[in-house]
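Please walk through this structure one site at a time. Keep the coordinates open and follow each stop as it comes.

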Amino acid sequence: MSTTSAPTAQLYQVFIKATPDRIWEAIVKPELTAKYFHGARIVNDERRHISHGPDGDLWGEGPVLEFDPPRRLVHEWRSMYDPELAQEQPSRVTWEIEPVDGGYCKLTLTHDRLDGAPKTAASVSGEGWMFVLSGLKTLVETGSPLAGD
């Protein structure tokens with residue numbers, strides 16, 4: 001028997017030298033998410049969050065709860081790429097983009113409602129989300145992905 005423990009609400013922040021529109025575009029366009037989100041082609045629109053893996057498999061799907069470009073996106077999160085994670089309750093991801101004087105923005109990602117998804121919480125905590133956000137930052141600032149393609 002093993003136990004998995006991770007916070008049921010996780011908060012990450014990163015400063016990115018880019019406009020809110022450029023960061024928003026990187027979050028909602030699948031041709032960009034594929035470059036920093038483990039190859040996942042993610043579509044976030046007014047209604048749905050849908051993620052497909054590099055081979056086209058469905059990795060995640062859920063409703064979009066708030067869609068306020070280029071400031072705030074809130075969507076349900078289900079990790080469907082793994083059978084054990086897919087059985088857990090959905091959680092929620094909130095992206096907030098806040099312009100800061102000096103030509104950069106603060107991107108805050110909150111992943112919460114993880115009480116019913118402890119394995120998902122463990123899989124995304126720490127380096128999970130930090131790698132994705134670092135990759136987004138690198139792509140937006142340099143035009144190149146963090147990991148070699």
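Begin with charge pairing: Arg22, Glu25 and Lys29 are linked in a network of salt bridges. The model is a predicted one, and every value below is computed from it. Side chains of opposite charge can pair when their charged atoms come close. In this network, Arg22 and Glu25 meet through their side chains, N to O, at 2.7 Å. Both residues sit in helix 1, which spans residues 20-28. They are three residues apart, about one turn of the helix. Glu25 also forms a salt bridge with Lys29. There the closest N and O atoms are 3.3 Å apart.

How buried or exposed are these three residues? Arg22 has a relative accessible area of 26%, so the residue is partly exposed. Glu25 is partly exposed too, with a value of 27%. Lys29 has 32% and is also partly exposed. The cut-offs matter here, because buried means under 20% and exposed means over 50%.

The search of the whole structure finds ten salt bridges. One of them joins Lys106 and Glu98. Their closest N and O atoms are 3.7 Å apart. This pair counts because the limit for a salt bridge is 4 Å. Glu98 has 43% relative accessibility and is therefore partly exposed.

Now move to strand 7, residues 104-112. Thr110 lies in this strand. Thr110 is buried, because its relative accessible area is 19% and the cut-off is 20%. What does Thr110 touch, leaving aside neighbours within four places in sequence? The contacts are Gln10, Leu11, Arg92, Val93 and Thr94.

Asp112 is found in strand 7 as well. At 14% relative accessibility, Asp112 counts as buried. The Asp112 side chain makes a polar contact with the side chain of Arg92, at 2.6 Å. Beyond four places in sequence, Asp112 is in contact with Thr8, Ala9, Ser91 and Arg92. Arg92 thus appears in the contacts of Thr110 and in those of Asp112.

Next come some backbone details. Most residues other than glycine have a negative phi, and most peptide bonds are trans. Arg113 has a positive phi, near 55 degrees. Arg113 is placed in the loop between strand 7 and helix 4. His38 has a positive phi, near 55 degrees. The loop holding His38 runs between helix 2 (30-33) and strand 2 (41-44). His38 is partly exposed, with a relative accessible area of 48%. A further detail is the peptide bond from Pro69 to Pro70, which is cis with omega near -10 degrees. Pro70 lies in the loop between strand 4 and strand 5 (72-77).

His38 also leads to the largest pocket. This pocket has a volume of about 240 Å³. Its lining holds 15 residues. Which of them lie nearest the centre? They are Phe37, His38, Trp77, Tyr81 and Val124. The elements that give two or more residues to this lining are strand 3 (48-52), strand 4 (58-68), helix 4 (118-124) and helix 5 (127-142). Helix 5 supplies the largest share, three residues. By class, the pocket lining divides into eight nonpolar, six polar and one charged.

Finally, turn to the enclosed space. How many cavities of 30 Å³ or more does the search find? There are two in the whole structure. The largest cavity holds about 40 Å³ of space. Among its lining residues are Trp77, Arg78, Glu88, Ser91 and Thr120. That lining has five nonpolar, four polar and two charged residues. Trp77 lines this cavity and is also among the residues nearest the centre of the largest pocket. Ser91 is another lining residue, and Ser91 is in contact with Asp112.

The second largest cavity has a volume of about 30 Å³. Its lining includes Ile27, Tyr36, Phe37, His49, His75 and Trp95. By class, the lining has five nonpolar, four polar and no charged residues. Phe37 lines this cavity and is also among the residues nearest the centre of the largest pocket.

Notes: Residues are numbered from 1 along each chain as its sequence is written. This is a predicted model: local features need pLDDT of at least 70, side-chain atom pairs count only at pLDDT 80 or more; totals for chains, interfaces and linings use all residues. Side-chain values use heavy atoms; hydrogens and water are left out. Helices (H or I, at least four residues) and strands (E, at least two) are DSSP runs, numbered from the N terminus. Buried means under 20% relative accessible area, exposed over 50%, partly exposed in between (1.4 Å probe, protein chains only). A polar contact is a pair of N or O atoms within 3.5 Å; within protein, one must be able to donate a hydrogen and the other to accept it, and residues adjacent in sequence count only if both atoms are side-chain atoms. Contact means heavy atoms within 4.5 Å. On a 1 Å grid over the protein atoms alone, a cavity is a set of points where a 1.4 Å probe fits but cannot get out, and a pocket is an open set with protein on both sides within 12 Å along at least five of seven lines; lining residues have an atom within 4 Å of a point. Grid points are joined across faces, edges and corners, and a volume is the space filled by probe spheres set on the points. Ala, Val, Leu, Ile, Met, Phe, Trp, Tyr, Cys and Pro count as nonpolar, Asp, Glu, Lys and Arg as charged, and the others, Gly among them, as polar.
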